[in-house]
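User: Please take a close look at one helix and its setting in this model. Then place that helix in the wider chain.

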Amino acid sequence: MNTIQLVWKNLSRQFGSVFLSILLTAFGISILAVLSITGESFEKQLDNNSKNIDLVVGAKGSPLQLILSSVYHIDNPTGNIPLDELDPLRQNPLVQLAVPLSLGDNFKGHRIVGTDSSFLSIYETSIREGRIWQNNFEVVIGDQVAKKQQLKIGDQIHSSHGLSKDGHHHDEHPFTIVGILKHNNNVTDNLILTNLESVWDVHGIAHAHDHEETALQKELREREEDREETVKAHLHHHGEDLEENSNAALGTSGKDHHDHNHDEQDQHEEEGMFVKSIGADMVKQNGLEITAILIKYQSPAAIGILPKMIDQQTDMQAASPAMESTRLFSLLGVGMDSLAILAYVIMLIAGLSVFINLYNALKQRKYDLAIMRTLGASKGKLFNIVLLEGLTITIIGGLVGLLLAHLALYYISNQTSQSADFIEAFRLHPKEFVFLCVACLIGVLAALIPAVKAYRTSIAGTLSNK
């Protein structure tokens, strides 16, 4: 009987205690692997998704929620902001890119994002196949969307209301796929992109097409023009009355009448400007809204100016992806560190269990080891047998632990939003081999003392006591 057969036979005779040791090792390894892989993947995605986004502007609320919904697409938006806020930001000399986002629908968990071509620029991506949208209800899908849903150019999809795939289906407004993005290893792989007008049309929001005025805008513009004409006519008529009165008045200087005329005219001009301002504001507030604006700075000087200006001078809030991501990771880090400590404790207990198991088994097998020595087995062979027993327990435990870890990662991946699917559940990571080596080392250390004891087994003493 060779060494491997002897090791397996010895372990099978102590199935209960060996199974417990394997289970403890597996739990420790699986926790460490899950924490390491999710942490590494999460941190990598944080960097990839926010690489060129210096600021996110959105509705007042939680800054972290704004970042999670607009950059990572794993939360609900804080609300909507007027579309009219986009142009002033684009014209700001501190801003290089301002990208509008309009959220609200999804397709089987993949978020449909209303935006424009600047979205491709800020994420440094391009069309792998097909073209960008040119008309309403044309979409460009991410690489992973095409693979997971088995979609191709020319296919039609129906969106669901809200950010959950269980929402109301908009069957009356199908989207046609006209392009597929290249693989970018970021959130764009799991998104569906279209123009802003398509998102508004799906929800029945009236808007201007090809710079055509909406009915509301036209009505307000005409009302403003009527007011301006009324003010001008009143000023002209009032000016003639003042001139006639000045010529007829006695004892009053021409200069006094001129000054009085000028003051009256200024007052009415101010009234006219006030009316015009109200009309312009009413035309401006046309009801069109977007969810957020992604901003890339023109220069580092914007860091200390733009966020403060937006927070103080508008009804919106500005959130920094870098700051909020660091805050999020620090919050998660506390829990992850605690779980890592727990995993190390479990591994330590597993090593102790292996040691106790082998040590007790050695006491029961003293006579067997002495007989093996008399049959020609060397001290080194006895040492190797016990060492291999400890190594076998922890190797099996380590492999089972890695399998459990990947099953857990698969479960986590299925529970997260399709748009935030950043975990590759069944891909081998380099750190897994490190964890397996750690398990082997624990097995060797735990078996070392029993192996030395087996090595020192006295044939004469053991047999004489028997």
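Analyst: Start with His-406, which lies in helix α13, residues 379-415. Helices and strands here are DSSP runs, numbered from the N terminus: helices are H or I with at least four residues, strands are E with at least two. This is a predicted model, in which local features need pLDDT of at least 70, side-chain atom pairs count only at pLDDT 80 or more, and totals for chains, interfaces and linings use all residues. Residues are numbered from 1 along each chain as its sequence is written, and side-chain values use heavy atoms, with hydrogens and water left out.

His-406 counts as buried because its relative accessibility is 8%. The classes are buried under 20% relative accessible area, exposed over 50%, and partly exposed in between, with a 1.4 Å probe and protein chains only. Not counting residues up to four places away in sequence, His-406 touches Ala-425, Phe-426, Arg-427, Leu-428 and Glu-432. Contact means heavy atoms within 4.5 Å.

Tyr-410 is also found in α13. At 42% relative accessibility, Tyr-410 counts as partly exposed. Tyr-410 belongs to a nonpolar surface patch of about 980 Å². The other members are Phe-15, Phe-19, Leu-23, Phe-27, Val-400, Leu-403, Leu-404, Leu-407 and Phe-426. Patch residues have over 30% relative accessible area and no salt bridge; nonpolar side chains (Val, Leu, Ile, Met, Phe, Trp, Tyr) are joined within 5 Å, like charges within 9 Å. A salt bridge is a side-chain nitrogen of Lys or Arg within 4 Å of a carboxyl oxygen of Asp or Glu. Two elements, α2 and α13, give two or more residues to the patch. The largest share, five residues, comes from α13. Phe-426 thus appears twice: in the patch and among the contacts of His-406.

The UniProt record, an unreviewed entry, annotates "transmembrane region" at 15-37, 341-362, 382-413 and 433-452. Such positions follow the numbering used here, feature names are shortened, and annotations may be inferred rather than shown by experiment. Residues 15-37 are 100% helix and 0% strand, with end C-alpha atoms 32 Å apart. Residues 433-452 are likewise 100% helix and 0% strand, and their end C-alpha atoms lie 28 Å apart.

Now the nonpolar cores. A core is a set of buried Ala, Val, Leu, Ile, Met, Phe, Trp, Tyr and Cys residues joined through side-chain atoms within 4.5 Å. The largest has 30 residues, and those with the most contacts inside it are Val-56, Val-71, Phe-119, Tyr-123, Leu-193 and Leu-294. At least two residues each come from α2 (15-49), α3 (63-72), β3 (95-107), α5 (118-122), β9 (175-181) and β12 (292-297). The largest share, six residues, is from α3. A second, separate core of 22 residues includes Ala-59, Leu-196, Ile-295 and Tyr-297. Beyond four places in sequence, the contacts of Val-56 include Leu-66, Val-71, Leu-294 and Pro-321.

Last, the whole chain. The protein chain has 15 helices and 13 strands. Of its 466 residues, 43% count as buried. Among contacts with a separation of 6 or more, 79% join residues 24 or more positions apart. The accessible surface comes to about 24500 Å², 57% of it from carbon and sulfur atoms. Areas come from the Shrake-Rupley method with a 1.4 Å probe; for residues, only the protein chains shown count as cover.
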